[in-house]
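Colleague: Could you walk me through one part of this structure in detail? I would like to look closely at the salt bridges, and then at the cavities.

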Amino acid sequence: MRHKHSDYMHWSKTQSHARFNLATSGVAPCPVCELPIDLKELEINGDNNYGYPPLQQAIAAHHGVDPECVVESAGTSMANHLAMAAIIEPGDEVLIEHPAYGPILDVAHYLQANVKRFRRAEENGWAIDPAELRRRITPKTRLIVITNLHNPTSVLTSDPVLREIGDMAGSVGALALVDEVYLDAVYENTPRTAFRLGSEFVVTSSLTKVYGVSGLRCGWILAQPDLAGKMRRLNDLYSATPVFPGELLSVAAFTKLNLLRERARRIVETDRKLFHDFLAEQSNLCAVSTSWGTTSFPRLLNGNTDAFLKRLRSEFDTSAVPGRFFEMPDHFRIGMGVNTEMFAEGLNQLSRALILFDEHAI
Ligand SMILES: Cc1ncc(COP(=O)(O)O)c(C=O)c1O
């Protein structure tokens, strides 16, 4: 039987809710009244067969790329699906980072790829080690897949390492897919898209995580024009046209992108400081810290993390994402940037649960 589901996505939709929700990955929602659009101007139908040109231009301008290279998609989820489905055939070798965002693996398995992994080691700060990648890549590799920032750890991959990855992919005729949905959560010296580094790169992203407008489902792929065309044709199988009112609102969001980002930045940065202070006081937790991103991936040093998280949710009304969804069962992911009061109280509950857990170790 072909793989046809995502355990992580199902858990996230049905089990992650709690009063103190640390299982998030995106920033606080932006209300529609904050977008510079008169709702009377909203239209239901429009000229958007293969995407709405003003939106494609806005995405292209955001990245400094040709609009021909932009493929609109329903969020980064559909972007990843379309990108992988257009590139790989059943049985093709695909090299995916470990730990990985579950749905990326799920899509690769659904597409019947021959999935191989390369390790991002915690002892190496979760960085991509090009030597490790070199050991894993083969002449059969068709695609290398990474996230930048890395989900779950928020670790940034530098341009020189990205270039090495691109060169390695190019040397065997493969492509490198970089999911950049969190990249704009590097608030200082924000890196430019990997797409600009060479024709081996295909990039996916969206406005869903860093800008607070997830419900617009404004996502996209950056690919060379031929491949971009294939992706648009493939998308014909899934959705005749995009949702036009969503595209109009997304164009409005693009005119105010910096403001949307700054609005969330304050919350993300305050939460991060709280989290660093919290970590410094914990003897049963360790984490690789970053100065950016909306998530962190601490490890419980002693005890069973799944059991701990179950208690945390049932007794302390606080949720975090179990590391098993990233194939790292001793870790868990926490999210920043939604609401500092809630975050602070969530950390407080986490502290209390850790003390109790220490006393009655499971
Ligand atoms: C790395 C990564 N890619 C894609 C997605 C899906 O994003 P979207 O909501 O834009 O579909 C997520 C969501 O958590 C993610 O973490």
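Modeller: Happy to, and we will take the salt bridges before turning to the cavities. Please keep in mind that this is a predicted model.

The structure holds 15 salt bridges, and three of these pairs make a good tour.

Let us start with Lys 116 and Glu 93. They form a salt bridge in which the closest N and O atoms are 3.5 Å apart. This pair links distant parts of the chain, since Lys 116 sits in strand S4 (residues 114-119) and Glu 93 in strand S3 (residues 93-98), with their positions 23 residues apart in the numbering. How exposed is each partner? Lys 116 has a relative accessibility of 36%, so it counts as partly exposed. Glu 93 has a relative accessible area of 5%, so it counts as buried. If you want to check that reasoning yourself, buried means under 20% and exposed means over 50%, with partly exposed in between.

Now compare a pair within one helix. Glu 132 and Arg 136 form a salt bridge whose closest N and O atoms are 3.3 Å apart. Both residues belong to helix H5 (residues 130-136), where they are four residues apart, about one turn of the helix. Glu 132 is buried, because its relative accessible area is 9%. Arg 136, at 40%, is partly exposed.

The third pair is Glu 188 with Arg 265. Their side chains meet in a salt bridge with an N to O distance of 2.5 Å. Glu 188 lies in the loop between strand S6 (175-179) and strand S7 (201-206), while Arg 265 is in helix H9 (residues 257-280), so this salt bridge ties together parts that are 77 residues apart in sequence. Glu 188 has a relative accessible area of 53%, so it is exposed. Arg 265, with a relative accessibility of 14%, counts as buried. There is also a wider group to find here: Glu 188, Glu 262, Arg 265 and Glu 269 are linked in a network of salt bridges.

Helix H9 leads us on to the cavities. How many cavities of 30 Å³ or more are there? The count comes to two.

The largest cavity holds about 50 Å³ of space. Its lining is made up of Arg 272, Phe 275, His 276, Val 288, Ser 289, Thr 290, Thr 295, Ser 296 and Met 336. The elements that give two or more residues to this lining are H9 and strand S10 (295-296). H9 provides the largest share, three residues. Sorted by class, the lining of the largest cavity has three nonpolar, five polar and one charged residues.

The second largest cavity holds about 30 Å³. Around the second largest cavity you will find Phe 308, Arg 311, Leu 312, Phe 316, Ala 353, Leu 356 and Phe 357. Helix H10 (305-316) and helix H11 (340-359) each supply at least two residues of this lining, and H10 gives the most, with four residues. By class, the lining of the second largest cavity has six nonpolar, no polar and one charged.

To explore this on screen, you could begin at Arg 265 in helix H9, find its partner Glu 188, and then look for the three residues that H9 gives to the lining of the largest cavity.

Notes: Residues numbered from 1 in each chain as written. Predicted model: local features only at pLDDT ≥ 70, side-chain atom pairs only at ≥ 80, totals over all residues. Heavy atoms only, no water. Salt bridge = Lys/Arg side-chain N within 4 Å of Asp/Glu carboxyl O. Buried < 20%, exposed > 50% of the residue type's maximum accessible area, 1.4 Å probe, protein only. 1 Å grid on protein atoms, 1.4 Å probe; cavity = no way out; pocket = protein on both sides within 12 Å on 5 of 7 lines; lining within 4 Å. Points joined across faces, edges and corners; volume = space filled by probe spheres on them. Nonpolar A, V, L, I, M, F, W, Y, C, P; charged D, E, K, R; others polar.
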